[in-house]
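Good morning, colleagues. Please take a moment to look at the sequence and the model before I begin.

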Amino acid sequence: MTWNEITFEDYLKIVEIQQREDTEYNKLLDITAVLNDVNVDEITINNFKDYADNIKFITEDIPVGEIKDEYDNYTLHKDLSQMSMQQYIDFNNYAKQMDYVGVLSVFLIPKGKQYNEGYDIDKVRQYILTMSCVDVI
């Protein structure tokens, strides 16, 4: 397993776990469960090593991903001079809330569409959560 295989949703779960007040042992168990897609109660002394081996990459830095113009059926709008006022307002609101998915949803728009016109923003947000964390970050 590598960072490229980790969804942004799982990345956010890892960050949340790391930031909470808890023992390092409990944090490690919860991160192991998230990355192996198992319930923490399924991790035993006998299988912990196997699960831990799967996530050795977590000690590595997240690689810098190539910024692409397109992601599946979405286009990344990078030209800020073409940003609408609604996009700018939404961007600022999402940024204040530290809503990373919301921030990216301002720039990642279904092909052939204009910002917030003729598509479901919740589907865009859901797509972002399933993207590789390397692409999102």
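Does Thr32 count as buried or exposed? Please bear in mind that this is a predicted model. Thr32 has a relative accessibility of 0%, and because buried means under 20% relative accessible area, Thr32 counts as buried.

Let me place that residue. Thr32 belongs to helix H2, which covers residues 24–36. If we set aside neighbours within four places in sequence, Thr32 is in contact with Ile43, Phe48, Tyr51, Ala52 and Ile55. Looking the other way along the chain, Ile14 is 18 residues from Thr32 in sequence, and the two C-alpha atoms are 9.4 Å apart in space.

I now turn to the chain as a whole. The protein chain has 7 helices and 3 strands. Read from the N terminus, the order of elements is α-α-α-β-β-α-α-β-α-α. Along the principal axes, the C-alpha atoms fill a box of roughly 55 × 30 × 25 Å. Of the 137 residues in the chain, 35% are buried. Among contacts with a separation of 6 or more, 56% join residues that lie 24 or more positions apart.

Next, the surface. The protein chain exposes about 9,100 Å², and carbon and sulfur atoms supply 49% of that area. As for charge, there are 12 positive and 26 negative charges in the chain, and the mean positions of these two groups are 3 Å apart.

For a contrast with Thr32, please find Leu80. This residue is in the loop between strand E2 (74–76) and helix H4 (85–96). Is Leu80 buried or exposed? Leu80 has a relative accessible area of 55%, and since the cut-off for exposed is over 50%, Leu80 is exposed. Phe107 is 27 residues away from Leu80 in sequence, with 9.3 Å between their C-alpha atoms.

My last topic is the largest pocket. The volume of the largest pocket is about 310 Å³. The pocket is lined by 18 residues, of which Ile67, Leu76, Leu104, Asp135 and Val136 are the closest to its centre. Which helices each supply at least two residues of the lining? They are helix H5 (100–107) and helix H7 (133–136). The largest share of the lining, 3 residues, comes from H7.

To close, I would ask you to keep two residues in view: Thr32, which is buried, and Leu80, which is exposed. Thank you for your attention.

How values were computed: Residues numbered from 1 in each chain as written. Predicted model: local features only at pLDDT ≥ 70, side-chain atom pairs only at ≥ 80, totals over all residues. Heavy atoms only, no water. Helix = DSSP H or I, 4+ residues; strand = E, 2+ residues; numbered from the N terminus. Buried < 20%, exposed > 50% of the residue type's maximum accessible area, 1.4 Å probe, protein only. Contact = heavy atoms within 4.5 Å. Areas by Shrake-Rupley, 256 points an atom, 1.4 Å probe, with all protein chains shown as cover. Lys, Arg positive; Asp, Glu negative; His and termini not counted. Charge placed at Lys NZ, Arg CZ, Asp CG, Glu CD. 1 Å grid on protein atoms, 1.4 Å probe; cavity = no way out; pocket = protein on both sides within 12 Å on 5 of 7 lines; lining within 4 Å. Points joined across faces, edges and corners; volume = space filled by probe spheres on them.
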